[in-house]
Amino acid sequence: MTLKDAKTGMTVKIISVGESELKNRMMTMGLIPGTKVRILRSAPLGDPIAIGVRSYNLSLRKEDAKKITVEQVA
């Protein structure tokens, strides 16, 4: 599943970050394999989505979120 497919309230673990123009920037912001992320909410039209990473919140466009592979954490 990708980060784009995750639902509000889910906690997921990042498996990989696919190639994109923002890959290095996303990894610098803490989106690295093994990191747990919580899906906080999405904008009224669904884009962007807000996620909690470590000790801060981050907003991502769905176009970028679909390049991040995740798995659900129990």
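I take contact to mean heavy atoms within 4.5 Å, and I apply this to a model that is predicted.

**Leucine 22**

With that meaning of contact, I looked up the neighbours of leucine 22 and, leaving aside residues up to four places away in sequence, I found that it touches Arg61 and Asp64. I place leucine 22 in the loop between strand S1 (11–17) and helix H1 (23–28). Its relative accessibility is 32%, and I therefore enter it as partly exposed, since that class lies between under 20% for buried and over 50% for exposed. I also checked leucine 22 against glutamate 71, which is 49 residues apart from it along the chain, and noted a C-alpha separation of 21 Å.

**The sheet**

I then followed the strands and noted an open sheet of five, in the order S4-S3-S2-S1-S5, with antiparallel pairing. Strands S4 (56–60) and S5 (68–72) stand at the edges with a single partner strand each, so one side of each has no neighbour in the sheet. On average, I noted, neighbouring strands of this sheet are turned by 40° against each other, with direction ignored.

Within the sheet I looked at one pair in detail, strand S2 (residues 36–42) with strand S3 (residues 49–53), and found five bridges in the antiparallel sense. For arginine 41 I recorded alanine 50 as the bridge partner in S3.

**Arginine 54**

I went on to the loop between S3 and S4, where arginine 54 lies. Although arginine 54 is not a glycine, I noted a positive phi of about 50° for it. I enter arginine 54 as exposed because its relative accessibility is 59%, and the cut-off for that class is over 50%.

Conventions:
Residues numbered from 1 in each chain as written. Predicted model: local features only at pLDDT ≥ 70, side-chain atom pairs only at ≥ 80, totals over all residues. Heavy atoms only, no water. Pairing = 2+ DSSP bridges. Helix = DSSP H or I, 4+ residues; strand = E, 2+ residues; numbered from the N terminus. Axes fitted to C-alpha atoms, helices over the stretch in contact; angles between N-to-C directions. Buried < 20%, exposed > 50% of the residue type's maximum accessible area, 1.4 Å probe, protein only.
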